[in-house]
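Student: Let us go through this structure by question and answer. Please show it.

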Amino acid sequence: MRRNPAVTLVAVAALLVFAASAAAQEKAAAPVADSAADAPAAAPAYTESDFLTGVRQLTYEGRRAGEGYFSPDGTQLVFQSEREAGNPFFQIYVLDLETGDTRPVSPGMGKTTCAFFRPGTGDVLFASTHHDPKSADYQRQELEDRAAGREKRYSWDYDPEMDLWVEEQNGAEDDGRHLVRLTDERGYDAEGSYSPDGQWIVFTSNRSAYEGELSADEQAKLQVDPSYFAEIYRMRADGSAVQRLTRTPGYDGGPFFFPDGSRVIWRRFTEDGLLADVWSMKPDGSDQRRLTDFGSMSWAPYVHPSGKYLFFASNKLGFENFEIFIVDVEGEKEPVRVTYTDGFDGLPVPSPDGDTLVWTSTRKATGSGRGQGQLFIGHWNHPKALEALAAAPPRQAAAAAAAP
């Protein structure tokens, strides 16, 4: 899944204390304005309803659901959900937004994540471990742990058996669909998405950690945090011509193409895994640019179809209080806050026409997975977003990120 790696609350608490101290010192050292005319103009105040209206819960079934992506024509949504009997892990489904019908995409075995429609086709890309013969054992153990009250805090394990698959239309099976495996390297291959023309896939992989010999320190790192070795790769839609695009210590993941295919957006974690920011680059990996400097975990970026700004989620306001923000695609302005509801709001994705937003949230979620994340949908106010970004101040370096 396109998500942040696990971090300890102690480490994060220390980070937040340090950031607050740095900010207080900076404020104390700043000169006092002689008059109101000398003070910088305050940014306009917004509420969630300025940007989102008609908000409603979209999914109800299963223990949790999330990470939804629109089909190119906007009539369907592919997402992941825990709802299969006997399997406590995510599986992939397609929701018809016109009829409300839902059909499974993945086989129902193993773990899955990060699905995406291929433009120009009805094909669905996703990551899965269903080919792993140990899948049934892992499922059974997880269910036993939950029944015994041994359930752990939710985290992603970056399973080295995770590979990219595509459900193709017009296959040999009775339902006209069949699965094709695109990657078979040892390591976590996931978080894939297509280029606008459907010819390329960008994805995340930590395969380099399994390709050669690691030092003792690297081996220990792999056991504790396999996401540390994750980098961005590109390949053709058939799985050929694989090319590594990033080579920076720490977790690089969650890549998507810009609407015109000119660039790739992704999020890069610091080497210690405590902070993350949004970056963009050309499809060949060149011209890497940092777009946010937010002093927090900023991730799950997705560009609006207009190409003028992007959405992302960040816990700028508290470790577990993720909210949705927008920022211009050049990263010249300070991000603008979109959601104002307690809990988790993240993984924001706009519809192809740019008028609707789908995201994952724990806000008052009801259904069989009450209290867990579900998909929500609302009307998106594009003109207000442009207005807010135009009024936003220039980007400032975050105190915690800028400190030595």
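Tutor: First, a definition: a salt bridge is a side-chain nitrogen of Lys or Arg within 4 Å of a carboxyl oxygen of Asp or Glu. Next, the ground rules. This is a predicted model, where local features need pLDDT of at least 70 and side-chain atom pairs count only at pLDDT 80 or more, while totals for chains, interfaces and linings use all residues. Residues are numbered from 1 along each chain as its sequence is written, and side-chain values use heavy atoms, with hydrogens and water left out.

Student: Which residue forms a salt bridge with Asp159?

Tutor: Apply the 4 Å rule for N and O atoms. The closest such atoms of the pair are 3.1 Å apart. The partner of Asp159 is Lys111.

Student: How many residues apart are Asp159 and Lys111 in the chain?

Tutor: Helices (H or I, at least four residues) and strands (E, at least two) are DSSP runs, numbered from the N terminus. Asp159 is in the loop between α3 (135-147) and β8 (163-169). Lys111 is in the loop between β5 (102-104) and β6 (112-117). The pair links distant parts of the chain, 48 residues apart.

Student: Is Lys111 buried or exposed?

Tutor: Buried means under 20% relative accessible area, exposed over 50%, and partly exposed in between (1.4 Å probe, protein chains only). Its partner Asp159 has 7% and is buried. Lys111 has a relative accessibility of 8%, so the class is buried.

Student: How many salt bridges does the count come to?

Tutor: The same 4 Å rule is used. One of the pairs is Arg150 with Asp145, with the closest N and O atoms 2.9 Å apart. Salt bridges also link Arg63, Arg64, Glu82, Glu142 and Arg146 in a network. The count is 26.

Student: What is the class of Arg150 by accessibility?

Tutor: Its partner Asp145 is buried, at 13% relative accessibility. Arg150 stands at 47%. That value makes Arg150 partly exposed.

Student: Why does the salt bridge of Arg363 and Glu48 tie together parts that are far apart in sequence, and how many residues apart are they?

Tutor: Their closest N and O atoms are 2.6 Å apart. Arg363 lies in the loop between β23 (356-361) and β24 (374-380), and Glu48 in helix α2 (residues 48-51), so the pair ties together parts of the chain 315 residues apart. Both Arg363 and Glu48 are also classed as buried.

Student: How many aromatic pairs are there in the whole structure?

Tutor: Rings of Phe, Tyr and Trp (its six-membered ring) pair if their centres lie within 6.5 Å; planes under 30 degrees apart count as stacked, over 60 as edge-to-face and the rest as tilted. A search of the whole structure gives 24.

Student: What kind of aromatic pair do Tyr251 and Phe269 form?

Tutor: The ring centres are 5.8 Å apart, with 15° between the planes. Both Tyr251 and Phe269 are buried. The pair is stacked.

Student: And what kind do Phe311 and Trp380 form?

Tutor: Here the centres are 4.9 Å apart, and the planes make 65°. Both Phe311 and Trp380 are buried, and they belong to a cluster with Tyr46, Phe51 and Tyr309. The pair is edge-to-face.

Student: Which ring does the charged end of Arg337 sit over?

Tutor: A charge sits over a ring if NZ of Lys or CZ of Arg is within 6 Å of the ring centre and within 35 degrees of the ring normal. For Arg337 the distance to the centre is 4.0 Å. The ring is that of Tyr340.

Student: How many residues of strand β7 are buried?

Tutor: Val124, Phe126 and Ser128 point one way from β7. Leu125 and Ala127 point the other way. Strand β7 (residues 124-128) is largely enclosed by the rest of the structure, because the buried count is five of the five.

Student: How many bridges join β7 to β8?

Tutor: Two strands pair if DSSP finds at least two bridges between them. On the β6 side, four bridges join antiparallel β6 and β7. Strands β7 and β8 also run antiparallel, and Leu125 has Val166 as bridge partner. The number of bridges between β7 and β8 is five.
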